[in-house]
Amino acid sequence: MSPAAGGDAEDPELDRLFSLDPGEFVAARDALAAEARSSGDRTRAQRIKGLRRPTVSAWVVNLLAREEAASVGELLELGEALRAAHQTLSADELRPLAAQRTQVVEALTRRAARLAADHGHPPSEAVRAEVAGSLQAALADPEVAETVRHGRLSKPVSYSGFGLVESRPAAEPTPVVDLSAARDRRRSRKEREAEQARAKALAEARERLETLRTALVDARAVHSEAEEQHLEAAEELDRRSQEVADLRDELAAAEAAEAEAQEAEGRTRSALAEAEQAVERAEAEAEEAQHALEELGEG
């Protein structure tokens, strides 16, 4: 499955969302999901809320798709031609197309790197490699191609099943001693040993290079996974920070209400004391009036 954003192909709001810098994506996504929820479209709100912030390399591919739409369109057309040609042409006939594919991907990768640098995000070598891999995948996979075309890639993709593998020159063979030439030139034993040592060193160097290339691929995979985990952790931190801010707002409102209640209680306490004093005065006056009445009656 392609890591593309869900939704209709023609969706200006999603286009704007994926055009933002990675650091602005989460807040804008949450706002867009809240807007859809408030309008009653819960399905769209859930789909938007589930969108993941693009990794750096995915953001670079999306940037390329927006800024160089014509060039990316030519790349994807080449992919269609390659997929069709793979069904009918021989390996020899496919080689020129494969070479063209490599040239186009390399050129677009360089252009994408310049665009990213112009937007304040110069890519690392690992990011450039992921960009090239995603473009290669777009050549081979129609679903990935559509995701790239609309600039909504969320993470790097790769494709190893494409039958068009560019031919590479065979490894230099280990030198073989020609016995007749050796007899003619009367090579010394030391010269033959030196030639063998060179061949052995060359083989070891090739083996070490292959080991290092494998280690580099593994390191890039670890880096990509670490970057993804970091982005997920950052999103979780954003959510938790918002929750804390909301709770603080609620606490401030509760404290204000408590202070207002305390002031009201103080005012009513004073009023109660005044009322009690008024009752006492009224009772005393009534008692005095009663005594006066009784004294008048006796007289």
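Begin by selecting helix H5, in which Val72, Gly73, Leu75, Leu76, Leu78, Gly79, Leu82 and Ala85 are buried. The model on the screen is a predicted one. An α-helix has 3.6 residues a turn, so residues three or four places apart point the same way. With this in mind, look along H5 and locate Val72, Leu75, Leu76 and Gly79, which are among its buried residues. The helix consists of 18 residues, and its first and last C-alpha atoms lie 26 Å apart, close to the 26 Å expected at 1.5 Å a residue.

Next, keep H5 displayed and add H8. The axes of the two helices are 10 Å apart, and the helices pack at an angle of about 170°. H5 and H8 are therefore roughly antiparallel to each other, since an angle over 145 degrees counts as such. To see the contact itself, show the side chains of Val72, Gly73, Leu76, Glu80 and Arg83 on H5, together with Pro142, Ala145, Val148 and Arg149 on H8. Val72, Gly73 and Leu76 of this contact have already appeared in the list of buried residues of H5.

Now widen the selection to the largest nonpolar core, which has 27 residues. Which residues have the most contacts inside this core? They are Val60, Leu64, Val131 and Leu135. Two or more residues each come from helices H4 (56-67), H5 (69-86), H6 (91-118), H7 (125-140) and H8 (142-149). Colouring these five elements separately will help in following the core.

Centre the view on valine 131. Leaving aside neighbours within four places in sequence, valine 131 is in contact with Ser57, Val60, Val61, Thr109 and Ala112. Apart from the largest core lies another, of eight residues, including Leu32, Ala33, Ile48 and Leu51.

Proceed to alanine 140, which is placed in helix H7. Is alanine 140 buried or exposed? Its relative accessible area is 9%, which is under the 20% limit, so alanine 140 is buried. Then select serine 158 as well: the two residues are 18 apart in sequence, and their C-alpha atoms are 9.5 Å apart in space.

Finally, return to the whole chain. Its secondary structure comes to ten helices and zero strands. Of its 299 residues, 27% are buried. Among contacts between residues at least 6 apart in sequence, 72% join residues at least 24 apart. Displaying the surface completes the tour: the accessible area is about 19600 Å², and carbon and sulfur atoms account for 52% of it.

Methods. Residues numbered from 1 in each chain as written. Predicted model: local features only at pLDDT ≥ 70, side-chain atom pairs only at ≥ 80, totals over all residues. Heavy atoms only, no water. Core = buried A, V, L, I, M, F, W, Y, C linked by side-chain atoms within 4.5 Å. Buried < 20%, exposed > 50% of the residue type's maximum accessible area, 1.4 Å probe, protein only. Helix = DSSP H or I, 4+ residues; strand = E, 2+ residues; numbered from the N terminus. Contact = heavy atoms within 4.5 Å. Expected span 1.5 Å × (residues − 1). Areas by Shrake-Rupley, 256 points an atom, 1.4 Å probe, with all protein chains shown as cover. Axes fitted to C-alpha atoms, helices over the stretch in contact; angles between N-to-C directions. Parallel < 35°, antiparallel > 145°, perpendicular 65-115°, else oblique.
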